[in-house]
Amino acid sequence: MSGKIGFVSLGCPKALVDAERIVTQLRAEGYEIAKDYAGSDLVVVNTCGFIDSAVQESLDAIGEALAENGKVIVTGCLGAKKNADGSDVVTSVHPKVLAVTGPHAADEVLTAVHQHLPKAHDPFSDLVPKAGVKLTPKHYAYLKISEGCNHRCTFCIIPSLRGDLVSRPIGDVLLEAQHLFEAGVKELLVVSQDTSAYGVDVQYRTGFWDGRPVKAKLFDMVEALGKLARQHDAWVRLHYVYPYPHVDEILPIMAGFADEGSGVLPYLDIPMQHAHPDVLKRMKRPASGEKNLDRIQAWRKACPDLTIRSTFIAGFPGETEEEFNYLLEFMREAKIDRAGCFAYSPVEGAKANELDGALPDAIRNERQARFMAVAEEISTQLLQAKVGKRIKVIVDAVNGQGGVGRSQSDAPEIDGLVHLLPTDKISKKYRVGEFVKATVVGTQGHDLIAQL
């Protein structure tokens with residue numbers, strides 16, 4: 001055994017995938033992943049650097065790791081951030097860290113680990129699962145299809161941290177998906193910075209999968225993932241989908257889920273951020289907000305069971321009361337199933353900081369609260385309409401009160417839950433990772449209550 005590595009991973013699912021790749025390589029080289037600081041020879045902290053609160057959380061995590069262990073390597077988005085004078089953000093606060101790298105820098109992290117905790121040679125420890133080492137529960141996993149983003153939204157610094165769009169070869173994407181399904185994964189969550197743009201950077205290059213040509217393009221990828229999922233009675237869930245016109249093409253695939261019960265879920269995670277055309281222009285968003293309502297209505301006509309999740313920003317610089325009310329009206333008309341909202345927070349290095357009309361914190365927070373009140377009202381109505389219906393649930397946990405799972409409308413950690421009541425039969429027990437059919441008997445906040 002080469003040594004024990006503690007691992008702390010913060011931030012979005014894309015950062016989690018980076019962490020999984022690092023952990024996979026560490027395990028392949030014979031390192032053991034420790035469960036706490038005390039049992040670690042060295043700690044790797046995978047950071048987030050997007051908004052101020054995430055930066056502070058990451059700095060706090062680094063400080064805790066230093067205090068508890070003393071030997072810390074930092075990676076992730078915060079590692080790429082600089083102060084106004086060009087100095088490194090991390091080392092200016094925590095000068096005792098051993099090394100700092102940016103995002104998707106697995107090779108650099110491994111080099112730093114080798115330097116400070118040299119690996120031992122053990123040929124038997126190189127044997128790791130084909131699917132790699134995952135930090136999620138065994139029954140679901142994230143599949144990252146690309147890195148970086150070609151957009152230059154004024155509130156965002158992701159391109160400066162992660163670079164322009166780089167799509168993975170379609171064959172690699174599908175091979176990883178196959179390995180994950182074969183390893184027992186029942187839900188595959190597709191993530192990227194812009195899932196709809198998959199393949200744009202390589203001009204939709206043709207690759208090969210299962211002996212036939214497949215283009216690196218959204219429709220072709222989704223169709224192939226759906227077929228793989230159905231072979232394993234599994235789900236595929238799409239995240240970070242921008243509402244471009246070509247997204248229309250995948251709705252018939254999602255509509256087929258109602259008949260199959262597996263495949264590509266009728267679920268789209270779309271980061272809309274706002275609805276008013278003028279605010280979207282100030283944000284430099286890539287999709288036209290004026291057409292989003294029409295597009296959503298057309299999608300629901302093509303796929304009646306479609307669930308739409310989105311995130312929005314309240315209090316963006318220059319946002320008027322009229323523009324904010326326009327957003328609330330959009331929410332009511334579009335009936336967004338799952339909605340989150342952030343009060344605008346200036347991010348160091350973002351172009352939005354140069355815009356006129358910055359709003360006071362009180363107004364930003366007040367508008368966020370008003371938005372969430374409307375979102376909760378819509379969610380409550382939509383959940384109440386599910387009472388009495390039979391739904392398919394994937395079980396995430398089992399407890400003394402029954403089980404906890406999610407429906408096709410619920411992504412892990414960000415959406416609601418399904419609380420499964422205890423079964424009537426002693427012989428029938430819930431098992432984590434299995435699918436069950438249950439009847440919705442009530443609601444509780446953003447969650448459903450169901451029984452077999």
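Here is a friendly exchange between a biologist and a modeller about a predicted model of one protein chain.

Biologist: Let's begin with the whole chain. What radius of gyration does the protein chain have, set against that of a compact globule?

Modeller: The C-alpha trace spans about 65 × 60 × 50 Å along its principal axes. For 452 residues, a compact globule would come out near 22 Å, and the chain agrees with that. Its radius of gyration is 23 Å.

Biologist: Nice. How many helices and strands are in the protein chain, and what share of its residues is buried?

Modeller: The protein chain holds 13 helices and 20 strands. Among contacts with a separation of 6 or more, 75% join residues 24 or more positions apart. As for burial, the share among the 452 residues is 54%.

Biologist: And on the outside, what part of the exposed area do carbon and sulfur atoms supply?

Modeller: The chain exposes about 20,000 Å². It also carries 51 positive and 59 negative side chains, with the centres of the two sets 5 Å apart. The carbon and sulfur part of the exposed area is 52%.

Biologist: Turning to helix H1, how many of its residues are buried?

Modeller: H1 covers residues 13–28, and its end C-alpha atoms are 22 Å apart, in agreement with the span expected at 1.5 Å a residue. The buried residues include Leu-16, Val-17, Ile-22, Val-23 and Leu-26, along with the charged Lys-14, Asp-18 and Glu-20. After the helix comes Gly-30, with a positive phi near 100°. Of the 16 residues in H1, the number buried is twelve.

Biologist: Gln-25 is in that helix too. Is Gln-25 buried, exposed or partly exposed?

Modeller: Gln-25 lies 35 Å from Ile-250, C-alpha to C-alpha, with their positions 225 residues apart in sequence. Buried would need under 20% relative accessible area, and exposed over 50%. Because its relative accessibility is 37%, Gln-25 counts as partly exposed.

Biologist: Now for H13. Which strands and helix do the buried residues of H13 pack against?

Modeller: H13 runs over residues 361–384 and reaches 34 Å, close to the 34 Å expected. Its buried residues are Arg-364, Arg-367, Phe-371, Val-374, Ala-375, Ile-378, Ser-379 and Leu-383. An α-helix has 3.6 residues a turn, so residues three or four places apart point the same way. The packing partners of the buried set are helix H12 and strands S14, S15, S19 and S20.

Biologist: Glu-319 sits in the loop between S14 and H12. Which residues is Glu-319 in contact with, leaving aside its neighbours within four places in sequence?

Modeller: Glu-319 counts as buried because its relative accessibility is 2%. One of its contacts is Arg-367, a buried residue of H13. The full set is His-274, Arg-282, Ile-313, Ala-314, Phe-324, Leu-359 and Arg-367.

Biologist: Finally, two residues with positive phi: where is Gln-203 found, and where is Glu-413 found?

Modeller: Phi is near 55° for Gln-203 and near 75° for Glu-413, and neither residue is a glycine. Gln-203 counts as exposed because its relative accessibility is 72%, and Glu-413 likewise counts as exposed at 73%. Gln-203 is in the loop between strands S9 and S10, while Glu-413 is in the loop between strands S17 and S18.

Methods. Residues are numbered from 1 along each chain as its sequence is written. This is a predicted model: local features need pLDDT of at least 70, side-chain atom pairs count only at pLDDT 80 or more; totals for chains, interfaces and linings use all residues. Side-chain values use heavy atoms; hydrogens and water are left out. Helices (H or I, at least four residues) and strands (E, at least two) are DSSP runs, numbered from the N terminus. The expected span of a helix is 1.5 Å times one less than its number of residues. Buried means under 20% relative accessible area, exposed over 50%, partly exposed in between (1.4 Å probe, protein chains only). Contact means heavy atoms within 4.5 Å. The radius of gyration is taken over C-alpha atoms; the globule rule is 2.2 Å times the number of residues to the power 0.38. Accessible areas come from the Shrake-Rupley method with a 1.4 Å probe; for residues, only the protein chains shown count as cover. Lys and Arg count as positive and Asp and Glu as negative; His and the chain ends are not counted. The place of a charge is taken as NZ of Lys, CZ of Arg, CG of Asp or CD of Glu.
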